[in-house]
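Work through the following exercises with the sequence and the model side by side. Each task is followed by a solution in steps.

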Amino acid sequence: MSKADETKWDERYRAGAFAERTHPSALLEAWIGRLPSGCALDLACGAGRNSLFLARRGFEVTGIDVSSEALKRAAASAEREGLEVTWMQHDLDDGLALPGPFDVICLFRYLNADVIRRLPSLLAPSGILMVEEHLATDQPVAGPANPAFCVQPGELRRLLPGLEVLHQEEGVITDPDGRPMAIARLVGSLAGM
C-alpha cells in the first residue's frame, strides 16, 4: 500500500467508516469455542472488532493495521472496556516480520497472497489460522469492484497447500448489515504439515 492508500484509509476511519461494525466476524464467532487459548494475531484489524472479541475471551492479542485512525478507535474501545491489546501500525504490503508463534491468526478481508503464504510459519504447533476474503463472482454483490481485491475460487487452498483444512466454504452470504457478499473462508491447522 502506498502512503496515499494509508491516507485514504485514515480519512475513511476519521469520517466514521465502519463505526457500526462492532460485531466480530461470523466465522470467528462460530469457531471461538474450538480455538486454542493463548496468543492471537489479528492482521488488517481495522478498528479492532475481532481483536476486542478475542481479548474479551482471554486471548493475548496483537492487532495490526495500516490506518493510525482505525487503531486510535480500536485503542479507545479497548480502554473503555478495560482490555489489553497490543496495537501496531504497519503496512502489510511492506511484508510481515513478526516473531510468533501465535495460537490463533485471523486475516479477514485483506488480500495479499505473500502474507497469506507466510501465515502458517507464524502458527504455534496446535494453532489455528482463519482467513476470510472477498470472492470473485459475476453475481451482483457488495464488496470491492476491483477483482484484484478478490480471490478466485479455490485460491485460498492453493495459497495454503500444506495446511490441514478444518473448514472451507465459498459462496454468497448475507453480511450482518443485510447485503449479499461473495466470500471465501478457510480455517486450518498445522497438523498436516
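**Exercise 1.** What covers the buried residues of H3?

Solution. This is a predicted model, in which local features need pLDDT of at least 70 and side-chain atom pairs count only at pLDDT 80 or more, while totals for chains, interfaces and linings use all residues. Residues are numbered from 1 along each chain as its sequence is written, and side-chain values use heavy atoms, with hydrogens and water left out.

Step one is to fix the terms: helices (H or I, at least four residues) and strands (E, at least two) are DSSP runs numbered from the N terminus, and buried means under 20% relative accessible area, exposed over 50%, and partly exposed in between, with a 1.4 Å probe and protein chains only.

Step two is to list the residues concerned: seven of the eight residues of H3 are buried, namely Arg49, Asn50, Ser51, Leu52, Phe53, Leu54 and Ala55.

Step three is to identify the cover, judged by contact (heavy atoms within 4.5 Å); it includes helix H2 (26-31), E1, strand E2 (60-65), helix H4 (68-81), strand E3 (85-89) and E4. Beyond the helix, glycine 58 follows H3 with a positive phi near 95 degrees.

**Exercise 2.** Place H3 within the whole protein by describing the order of elements and the overall burial.

Solution. Begin with the inventory, which comprises six helices and seven strands, and then read the elements from the N terminus as α-α-β-α-β-α-β-β-α-β-α-β-β. Next, turn to burial: of the 193 residues in the protein, 49% are buried. The exposed area is about 9,200 Å², with carbon and sulfur atoms supplying 51% of it; such areas come from the Shrake-Rupley method with a 1.4 Å probe, and for residues only the protein chains shown count as cover. Finally, consider contacts between residues at least 6 apart in sequence, of which 62% join residues at least 24 apart.

**Exercise 3.** Examine the positive phi angles of alanine 44 and arginine 109, and state where each residue sits.

Solution. Alanine 44, although not a glycine, has a positive phi of about 55 degrees, and its place is in the loop between strand E1 (39-43) and helix H3 (49-56). Its relative accessibility of 22% makes alanine 44 partly exposed. Arginine 109, also a residue other than glycine, has a positive phi near 60 degrees; it is found in the loop between strand E4 (102-108) and helix H5 (113-118), and arginine 109 is partly exposed with a relative accessible area of 22%.

**Exercise 4.** Are threonine 62 and histidine 134 buried or exposed, and which residues are in contact with each?

Solution. Take threonine 62, in strand E2, to begin with: it counts as buried because its relative accessibility is 14%. Leaving aside neighbours within four places in sequence, threonine 62 is in contact with Ala40, Leu41, Asp42, Thr86, Met88 and Phe102. Histidine 134, in strand E5 (residues 123-134), is buried with a relative accessible area of 11%. With neighbours within four places again left aside, the contacts of histidine 134 include Arg109, the loop residue of the previous exercise, as well as Phe149, Cys150 and Met181.

**Exercise 5.** How many disulfides does the structure hold?

Solution. Apply the criterion, a pair of cysteine sulfur atoms within 2.5 Å; the structure holds zero disulfides. Then check accessibility for two cysteines: cysteine 45 is buried at 8% relative accessible area, and cysteine 106 is buried at 0%.
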